[in-house]
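I opened the notebook to check pockets, surface patches and a couple of single residues. My entries follow.

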Amino acid sequence: MLTTGIDMIEVWRIREARERFGQRFLDRIYTPEEQRTSRMRDPELAARFASKEAVMKVLGTGVRGVGWKDIEILPMRGGKPEVRLHGRGKAVAERIGLTDIAISQTHSIEYALSIAVGNAKYPSPYHAPEQVE
């Protein structure tokens, strides 16, 4: 089944968080590689933030189910964004049988938008059968 997520954020919110909390904010939300490849540009950071939220929706968990750095958004060769899941994000993906996930993101000076689409066996971890260990 297809599962989708979409998110939009105002770029000023990322700029304001960076100005207020500095590196602490960046390290809480973004991996070192995301920080490096975004070149610390607020519109690019906002697009990654929106992509992470869109992926959380694909996973069916929302913000409370996985950590910000459990989802990593990096440019592939040619610039297309790629999703890499780690930790809890990877565990949830395995639990729901998520085999593919694709994202598209865009930004302007004012807004960043991302849409994510995944192919999963279950729509969320709450619909997946309990794991037997």
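I fixed the terms first: buried means under 20% relative accessible area, and exposed means over 50%. The model I am looking at is predicted.

**Entry: Leu 85.** I looked up Leu 85 in strand β3, residues 81-85. Its relative accessible area is 19%, so I logged Leu 85 as buried. I also checked its spacing to Lys 69. The two are 16 residues apart in sequence, and their C-alpha atoms lie 8.6 Å apart.

**Entry: Met 8.** I found Met 8 in strand β1. Buried or exposed, I asked? Met 8 has 51% relative accessibility, so I put it down as exposed.

**Entry: nonpolar patch.** Met 8 led me to a nonpolar surface patch of about 640 Å². Its other members are Leu 2, Ile 6, Tyr 111, Leu 113, Ile 115 and Val 117. I then sorted the patch by element. Strands β1 (2-10) and β5 (111-119) each give at least two residues. The largest share, four residues, belongs to β5.

**Entry: largest pocket.** I moved on to the largest pocket. It holds about 150 Å³ of space. Which elements supply at least two residues each of its lining? I noted α4 (42-59), β2 (71-75) and β4 (100-107). The lining residues I listed include Glu 44, Ala 47, Arg 48, Leu 74, Pro 75, Gln 105, Thr 106 and His 107. Thr 37, Gly 79 and Pro 81 are also in the lining. By class, I recorded four nonpolar, five polar and two charged residues.

Conventions:
Residues are numbered from 1 along each chain as its sequence is written. This is a predicted model: local features need pLDDT of at least 70, side-chain atom pairs count only at pLDDT 80 or more; totals for chains, interfaces and linings use all residues. Side-chain values use heavy atoms; hydrogens and water are left out. On a 1 Å grid over the protein atoms alone, a cavity is a set of points where a 1.4 Å probe fits but cannot get out, and a pocket is an open set with protein on both sides within 12 Å along at least five of seven lines; lining residues have an atom within 4 Å of a point. Grid points are joined across faces, edges and corners, and a volume is the space filled by probe spheres set on the points. Ala, Val, Leu, Ile, Met, Phe, Trp, Tyr, Cys and Pro count as nonpolar, Asp, Glu, Lys and Arg as charged, and the others, Gly among them, as polar. Patches are made of residues with over 30% relative accessible area and no salt bridge: like charges are joined within 9 Å, nonpolar side chains (Val, Leu, Ile, Met, Phe, Trp, Tyr) within 5 Å. Accessible areas come from the Shrake-Rupley method with a 1.4 Å probe; for residues, only the protein chains shown count as cover. A salt bridge is a side-chain nitrogen of Lys or Arg within 4 Å of a carboxyl oxygen of Asp or Glu. Buried means under 20% relative accessible area, exposed over 50%, partly exposed in between (1.4 Å probe, protein chains only).
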